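Okay, thanks everyone, let me share my screen. I'll walk through a few spots in this one, so have your viewers open.

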Amino acid sequence: MLVDQKRDCDINYATNQFLKAFLSLKMILTGLLVSFSSIAVAQAPPRPEINLDEFIQRVFPMQQESINYEDVYESLFQLYQNPLDLNTATYEELSALYVLSVIQIKNLLAHRAQYGNLLSIYELQAINGFDIATIQQLLPFIVIKTDFQLREFPQSLAGATDHYLVLRASQTLEPSKGFVQDKYQGSPQQLYLRYRLSKPKDFQIGLLAEKDAGEKKYLDFYSFHVQLQNKGKLKNLVLGDYQVQFGQGLICGAGFFLGKGSEAVTTVRRSNMGIRPYGSLLETGYFRGAAATYDLKKVDLTAFYSFTRRDASVDEGNGEQEQYFSSILSSGYHRTTTEIARKNQITEQNMGLNATFRFNNGYIGATLLHTQFNAVLMRKPRLYNIFEFTGKQNTVVGANFTYTWQNFNFFGEAARSASGGVGITGGWVAALNRQLEWAIHVRHYDKDFHSFYANALAEGTRTINEQGIYWGLKYSPKRNLVFSGFYDRFRFPWLKYLVDAPSQGFDYLLRVAYQLNRKVSFYAQYHEEQKGKNLPDNTTPTDIVVNTIRQNILANMDYTPARNLKLQTRIQVNTFQYEGKTKSVGFAIMQDIEKTIKRLSLKGRIAYFLTDDYDSRIYAFENNVLYAVSFPAYYGKGIRAYLTGSYSINSRIDLWARYARTQLKNQTSIGSGNDEINGNHKSDISLQLRYKF
């Protein structure tokens, strides 16, 4: 645990300086320091299990249609799996955590430059701008290694710091139509395996396997990787599955990215993270092959190659016409005869290069990505698809930069695809003073800009056919009081799916968070989005695009009456309205409780919800077993409850169990299609075991 917040910072600072001076004599006191190192390591607080629930609720307290929450969760989990060493972390790596402001990062780097490596987590309290709340948010994502630690433990398998195996089984108790009518080929259990052996900044070996409910093969999806880091001039090598992220994500935009949310300033900028091992359950969006980064003094040179098979519905064509497909299927389900027939039907090759030149206050980089399919990608013949990519191969090339000047960090990227379409994005994040942070982001994506692995800031789900400007502010007049918000104005020059005309809109959010004392905290938030959409059930010959208004109001209170007990109460109201139509309203009230009894930890919720229809649905993040995500949409009228428990049998074995149930009123079924359940309730169970070697 961190030291008490009331401890005098001057004493901490003086203590840390004494330790610095003591270490400066290590040439004379080598033997003593080796002994001291083992004690210091033993006394350092262990890196806590990440509270993904709390983190995501902080940055995504309200749902947005354009966000894939499972992708966000998995990307965040991968960030947790690769903790940063604060003694070697760069500005880019620290920015990618979306926890620290520009001033906090600069103060940390300046402290490290002046006094040398940090000795322990406790030393963060002596750095200007680091309060207890910030340090607690950092803890799951960081480690601190001293020079003597690195020399004591050789970079080998024997020095692994993370070695475990996770097994999980989940099932919905009520059979769905797919099982009742024998459309699903496999059993109703979802099975999951994850193995990991790693030492941060040295090596990593990972294996993941999964079978979804209804799938027949126990290894329906698997992912694997081997990573080596910091082997002389070879900074990074990954064999197997990996992702790549450079610049602001216009060409290679994999990894954890928040974009628009309640963290209105730090999350609009992406960091140059390079190659990352892939260990997600999502069955698309990754490369499979080899990637390496080589250090040429001030230039990092990265090359990568990938050969993968993707799911698609392939049309054999006729006559002289080649095979073609309209899209890559991303659900990952292989349960029915049709789904199985679409598995791995096309091949995709990717080849890429990146060169990044580093200088004192930033970097300049250039990226090239070439993608090739064995069949023609041809979208459905719809008017909104006229400018979409058609063909078997595509090349995207671009340049990016970042530069820090005083308390401003400037960033940008420009890219051009083979079609001639251009994507441009740029802006800055700044700390005007200790209390006020500011962000500006401008973007322009042509309607024929084609970049398959892009993930830059956008209102839509892809970086195409969009222009916009974003403003974000965060004001902290007191340590326990924070105001934040953003305003985003955007337009779509061409048609979109369900929007049969050029359109425009805006999106804004206002939030206040207040820490009353160590036991009670509160935040409230208002979010509104207006944009065009086709009017449903239209009787005219052509579709009519009307303005839609989505509003979200949320109030949340956390109360911690004791160290082992936490209560959270949340009220949320959602509305959605087509211009000229009746407003759809949704309401939910949720009560959470967390209780720890020795080795047993319990987390539960009971929620009541009432929505007019699916348009006013309410997304609510739920606690689940470790490494699993649950982000259901509440709609209709009913009650949702769950209980998650974890128990540590010993230092090596941990168990989790979860039961969740949805009970609806005035309905005779839940779900749709093959997932429809005959009845007004749905129950889910999960069991998980983790063994630490």
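**Strands, a patch and two cores**

Let's start at the hairpin made by E24 and E25: five residues sit between these strands, and in that turn Gly580 has a positive phi of about 85°. Keep in mind, by the way, that this is a predicted model. E24 covers residues 565–578 and E25 covers 584–597, and the two pair in the antiparallel sense over twelve bridges. If you want a spot to click on, take Phe576, whose bridge partner in E25 is Ser584.

Now carry on along the chain. What does E25 do with E26? Those two form a hairpin as well, with two residues between them. In this turn the residue with a positive phi is Lys598, at about 55°. E26 runs over residues 600–611, and its pairing with E25 is antiparallel, over twelve bridges. Here you can pick out Gly586, which stands opposite Thr611 in E26.

Okay, over to the surface. Which residues make the nonpolar patch there? They're Phe357, Phe359, Ile364, Phe401, Tyr403 and Trp405, and together they make about 560 Å² of nonpolar surface. Strand E13, residues 346–359, and strand E15, residues 391–405, each supply at least two of the patch residues. E15 has the largest share, with three residues.

Let me zoom in on Phe359, which lies in strand E13. Is Phe359 partly exposed or fully exposed? Its relative accessibility is 32%, and exposed would take over 50%, so Phe359 counts as partly exposed.

Right, let's go inside. As a bit of background, nonpolar side chains in soluble globular proteins tend to be buried together. In our model, the largest nonpolar core has 39 residues, and the ones with the most contacts inside it are Leu94, Leu108, Leu124 and Phe130. Where do the core residues come from? Helix H5 (91–95), helix H6 (102–115), helix H7 (132–138) and strand E17 (422–431) each supply at least two of them. The largest share is from H6, with four residues.

Try selecting Leu108 and showing what's around it. If you skip its neighbours within four places in sequence, Leu108 is in contact with Leu86, Leu94, Leu118, Leu124, Ile127 and Phe130. Apart from that core there's another one, of 19 residues, including Tyr242, Ile275, Tyr453 and Ala456.

That's my tour, so over to you for questions.

Key. Residues numbered from 1 in each chain as written. Predicted model: local features only at pLDDT ≥ 70, side-chain atom pairs only at ≥ 80, totals over all residues. Heavy atoms only, no water. Pairing = 2+ DSSP bridges. Patch = residues over 30% accessible without salt bridge, like charges linked within 9 Å, V, L, I, M, F, W, Y side chains within 5 Å. Areas by Shrake-Rupley, 256 points an atom, 1.4 Å probe, with all protein chains shown as cover. Salt bridge = Lys/Arg side-chain N within 4 Å of Asp/Glu carboxyl O. Buried < 20%, exposed > 50% of the residue type's maximum accessible area, 1.4 Å probe, protein only. Core = buried A, V, L, I, M, F, W, Y, C linked by side-chain atoms within 4.5 Å. Contact = heavy atoms within 4.5 Å.
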